[in-house]
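Trainee: I would like a close look at one residue and its surroundings. Please start with that residue and then place it in the chain as a whole.

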Amino acid sequence: VVEEAGIPTVTVSTGRDISALVRPPRSLFLNYPMGNTFGRPGDTAIQTEILRAALDFAVTATEPGVLVDSPLQWDEEFVYFTGEATPEAIARQLKK
């Protein structure tokens, strides 16, 4: 509805594979841990940089379904969980 009204939209994603499957009109991928799409809490410099990149992308993308990789990198190693959740892991998450 928003796109049909001529208003461009952009998703900012940390799940490149999901974004590639869903194909939103425009998607900016950041190789950041899930839940940190705009960086660390309180890091306004990075948050502003990501927001500006997304807003710029909203007006510069030339075709629908575009997925762009941000050059920004998370500053420490992280691993995506790709296995099945164990009851213990679920219980730990529920306590948070």
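Mentor: What follows goes from a single residue outward to the whole chain. The model is a predicted one. The residue to look at is Val-12, which sits in strand 1, a run covering residues 11-13. Beyond its neighbours within four places in sequence, Val-12 touches six residues by name: Leu-28, Leu-30, Thr-37, Phe-38, Ile-50 and Ala-54. Contact here means heavy atoms within 4.5 Å. Another residue to locate from Val-12 is Ser-70, which lies 58 residues away along the chain. Between the C-alpha atoms of Val-12 and Ser-70 the distance is 9.8 Å.

Strand 1 belongs to a chain with three strands and three helices. Read from the N terminus, the order of these elements is β-α-β-α-β-α. Contacts across the chain can be sorted by sequence separation: of those between residues at least 6 apart, 53% join residues at least 24 apart.

As for overall dimensions, the radius of gyration is 16 Å, whereas a compact globule of 96 residues would come near 12 Å. Along the principal axes, the C-alpha atoms occupy a box of roughly 45 × 30 × 20 Å. Of the 96 residues, 23% are buried, that is, under 20% relative accessible area. The accessible surface amounts to about 7100 Å², and carbon and sulfur atoms account for 58% of that surface. Charged side chains number 8 positive and 13 negative, with 5 Å between the centres of the two sets.

Note on methods: Residues are numbered from 1 along each chain as its sequence is written. This is a predicted model: local features need pLDDT of at least 70, side-chain atom pairs count only at pLDDT 80 or more; totals for chains, interfaces and linings use all residues. Side-chain values use heavy atoms; hydrogens and water are left out. Helices (H or I, at least four residues) and strands (E, at least two) are DSSP runs, numbered from the N terminus. The radius of gyration is taken over C-alpha atoms; the globule rule is 2.2 Å times the number of residues to the power 0.38. Buried means under 20% relative accessible area, exposed over 50%, partly exposed in between (1.4 Å probe, protein chains only). Accessible areas come from the Shrake-Rupley method with a 1.4 Å probe; for residues, only the protein chains shown count as cover. Lys and Arg count as positive and Asp and Glu as negative; His and the chain ends are not counted. The place of a charge is taken as NZ of Lys, CZ of Arg, CG of Asp or CD of Glu.
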